[in-house]
Amino acid sequence: QVHLVESGGGLAQAGGSLRLSCVASGRSISYYALAWFRRAPGKEREFVAGISRSGDLTSYSESVKGRFTISRHNDLMTVFLQMTSLKPEDTAVYYCAAAATTYISEPRKYEGDYDSWGQGTQVTVSS
């Protein structure tokens, strides 16, 4: 497992941008597929974006495709989520996650495929 700490959340206006970071410690993140999930008030946690171990494959939910970009820098032990054209419905607590096993190389959308989670960072988008 890896220990994950998110940062970069805050308040943004609709149409604005934010960049989330997630710094890992422990085992190298190069062994793991990584992802961002989010939980909006009163809703279940949902997949936002995922990236393969090597960074060559990415996956996005339909609600953020074309607006958010996930990337990783293995040497810096960091995964990023660049969020643009923000909407009020993007308001949520955002979590980064690392895959439960090194056998998972591609990005997965199922929450159960991840077993290392950060504490979350709040993103609030005002209209």
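In which strand does Ser59 lie? Ser59 belongs to strand E6, which covers residues 58-60. Before I go further, please note that the model I am presenting is a predicted one.

Let me stay with Ser59 for a moment. With a relative accessible area of 15%, Ser59 is buried, because buried means under 20%. Setting aside neighbours within four places in sequence, its contacts are Phe47, Val48, Ala49, Gly50, Pro107 and Lys109.

I turn next to the disulfide. The structure holds one of these. The partners are Cys22 and Cys96, and their sulfur atoms are 1.9 Å apart. What does this bond tie together? Cys22 lies in strand E3, residues 18-26, and Cys96 lies in strand E9, residues 92-99, so the disulfide joins parts that are 74 residues apart in sequence. The torsion about the S-S bond is about 45°, so the disulfide is right-handed. Are the two cysteines buried or exposed? Cys22 is buried, with a relative accessible area of 2%, and Cys96 is buried as well, with a value of 1%.

From Cys22 we may move to Thr78, since Cys22 is one of the residues in contact with Thr78. The others, again leaving aside neighbours within four places in sequence, are Ser21, Val23, Ile29, Arg72 and His73. Thr78 is found in strand E8, which spans residues 78-83. Its relative accessibility is 8%, and Thr78 therefore counts as buried. A polar atom of the Thr78 side chain lies 2.8 Å from the backbone oxygen of Leu76.

Two residues deserve a remark on backbone geometry. Met77 is not a glycine, yet Met77 has a positive phi of about 55°. Met77 sits in the loop between strand E7, residues 68-73, and strand E8. At 16% relative accessibility, Met77 counts as buried. The second residue is Ser85, which is not a glycine either and has a positive phi of about 45°. Ser85 is found in the loop between E8 and E9. Ser85 is partly exposed, with a relative accessible area of 40%.

Now to another loop, the one that follows E3. Where does Ser28 lie? Ser28 is in the loop between E3 and strand E4, the latter covering residues 34-39. Ser28 has a relative accessible area of 25% and is partly exposed. Its side chain makes a polar contact with the side chain of Ser30, at 2.8 Å. Ser28 and Asn74 are 46 residues apart along the chain, and their C-alpha atoms are separated by 7.5 Å.

Finally, I come to the pockets. Rolling a probe the size of a water molecule over the atoms shows where empty space is left. The largest pocket has a volume of about 190 Å³. Which residues line the largest pocket? Its lining consists of Arg38, Ala40, Lys43, Glu44, Glu46, Ser63, Arg67, Lys87, Pro88, Glu89, Asp90 and Thr91. By class, eight of the lining residues are charged, two are polar and two are nonpolar.

To close, I return to two points. The one disulfide of this structure links strand E3 with strand E9. The largest pocket has eight charged residues in its lining.

Terms used. Residues are numbered from 1 along each chain as its sequence is written. This is a predicted model: local features need pLDDT of at least 70, side-chain atom pairs count only at pLDDT 80 or more; totals for chains, interfaces and linings use all residues. Side-chain values use heavy atoms; hydrogens and water are left out. A disulfide is a pair of cysteine sulfur atoms within 2.5 Å. Helices (H or I, at least four residues) and strands (E, at least two) are DSSP runs, numbered from the N terminus. Buried means under 20% relative accessible area, exposed over 50%, partly exposed in between (1.4 Å probe, protein chains only). A polar contact is a pair of N or O atoms within 3.5 Å; within protein, one must be able to donate a hydrogen and the other to accept it, and residues adjacent in sequence count only if both atoms are side-chain atoms. Contact means heavy atoms within 4.5 Å. On a 1 Å grid over the protein atoms alone, a cavity is a set of points where a 1.4 Å probe fits but cannot get out, and a pocket is an open set with protein on both sides within 12 Å along at least five of seven lines; lining residues have an atom within 4 Å of a point. Grid points are joined across faces, edges and corners, and a volume is the space filled by probe spheres set on the points. Ala, Val, Leu, Ile, Met, Phe, Trp, Tyr, Cys and Pro count as nonpolar, Asp, Glu, Lys and Arg as charged, and the others, Gly among them, as polar.
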